[in-house]
Amino acid sequence: FQDYALFPHQDVFQNVAFGLEMQRWDRARVAARVQEMLELVGLTGYEHRRVFELSGGEQQRVALARSLAPQPQLLMLDEPIGSLDRALREQLLEELRHILRRVGVTTIYVTHDQQEAFALADRVAIMRDGRIVQEGSPEEVYRHPVDAFVARFLGLSNLLRGRVVADGRVETPIGVLAVPDASSIAPGTDVTVLIRPEAAVLPSTGQEPNLIRGRVLDRAFRGSQYRLRTTHAGDVVLEFDITLLDASLPGPGEEVTLSLSPAGLSILAPALREHTFSNP
């Protein structure tokens with residue numbers, strides 16, 4: 001659980017052993033299994049620590065060891081690292097990924113953090129109003145969201161109305177764009193174009209595909225990337241994540257020309273209408 005739900009009156013060994021004792025394992029078998037689980041989660045030697053003496057990350061490891069000890073057929077995790085700070089979340093996320101693959105237990109992981117889901121899952125299911133609206137591999141869901149709701153849920157807000165003209169090209173308010181998905185759609189069809197935030201680069205020759213011109217509204221430094229917010233013809237506002245090794249990116253108020261990689265563009269449902277889904 002997000003709040004660990006450890007038993008505060010028991011030490012680490014007793015917490016991990018709880019499920020085994022409920023299944024009436026003998027003492028020697030319990031001791032061996034607890035040691036195995038603590039080694040798995042990197043807490044060997046912590047057997048007699050009180051849970052309130054542990055850090056948040058250590059407590060979550062104990063909770064995971066306790067859950068895995070009875071050899072469940074299904075493990076359910078409910079936002080287990082949501083209360084941790086960013087650095088600890090990243091560390092525990094990597095550990096979770098390796099641990100879950102090592103033990104091989106089927107796991108349902110509930111999260112509102114898309115990056116967590118993509119990092120951990122073999123399959124991702126996105127729910128809306130209690131129903132699954134899309135399911136697939138992390139790459140498939142990210143690259144081909146079924147509708148505007150899924151795209152926005154994944155943080156993909158660059159959605160443009162468009163109309164297929166010919167040869168994989170789509171007419172949009174910011175210009176005619178080459179979109180690979182459009183090559184199989186009849187000319188004249190109204191579509192929604194998704195532009196993923198990593199699609200934009202600064203052109204070097206002026207001959208790159210999908211050149212668009214606009215003005216920078218905001219530029220935010222985010223370590224390895226800049227988040228660029230731009231405005232274009234028709235008051236279209238777009239956001240991009242751009243990686244630069246220098247500070248040559250235009251600042252707020254300055255004009256900017258960007259090239260949109262066709263691989264970063266895809267087609268959603270017609271004209272921003274979201275699909276409806278019904279259970280059989």
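Helices, of at least four residues, and strands, of at least two, are DSSP runs numbered from the N terminus. The exercises below use that convention on a predicted model.

**Exercise 1. Describe the secondary structure of the protein and its overall spread.**

Step one is to count the elements, and the secondary structure comes to 7 helices and 14 strands. Step two is to set the radius of gyration, which is 24 Å, against the 19 Å that the globule rule gives for 280 residues; the value found is well over the rule, so the protein is more spread out than a compact globule. Step three is to look at the box that the C-alpha atoms fill along the principal axes, roughly 75 × 50 × 25 Å. Finally, 43% of the 280 residues count as buried.

**Exercise 2. Find the surroundings of E47 and state which side chain of opposite charge is nearest.**

Begin with the position, for E47 is found in the loop between α2 (27–40) and α3 (56–68). Next consider charge: E47 is buried yet has no salt bridge, and the nearest side chain of opposite charge, that of R49, is 8.1 Å away. Because a salt bridge needs a side-chain nitrogen of Lys or Arg within 4 Å of a carboxyl oxygen of Asp or Glu, the pair E47 and R49 at 8.1 Å does not qualify. The side chain of E47 does, however, reach the backbone nitrogen of G45 at 3.2 Å. Leaving aside neighbours within four places in sequence, E47 is in contact with D11, V12, F13, Q35 and L38.

**Exercise 3. Compare the settings of two salt bridges, R89 with E116 and D241 with R227.**

The structure holds 12 salt bridges, and one of them joins R89 to E116, with the closest N and O atoms 2.8 Å apart. This pair links distant parts of the chain, since R89 lies in helix α4 (residues 86–103) and E116 in helix α5 (residues 114–120), 27 residues apart. To judge exposure, recall that buried means under 20% relative accessible area; R89, at 23%, therefore counts as partly exposed, whereas E116, at 5%, is buried.

In the second pair, the side chains of D241 and R227 meet at 2.5 Å, N to O. D241 belongs to strand β12 (residues 236–242) and R227 to strand β11 (residues 226–232), 14 residues apart. D241 is buried at 16%, and R227 is buried at 19%. As a last step, follow the shared partners: salt bridges join R227, R229, E239 and D241 into one network.

Technical notes: Residues numbered from 1 in each chain as written. Predicted model: local features only at pLDDT ≥ 70, side-chain atom pairs only at ≥ 80, totals over all residues. Heavy atoms only, no water. Buried < 20%, exposed > 50% of the residue type's maximum accessible area, 1.4 Å probe, protein only. Lys, Arg positive; Asp, Glu negative; His and termini not counted. Polar contact = N/O pair within 3.5 Å; in protein donor to acceptor, adjacent residues only side chain to side chain. Contact = heavy atoms within 4.5 Å. Rg over C-alpha atoms; globule rule 2.2 N^0.38 Å.
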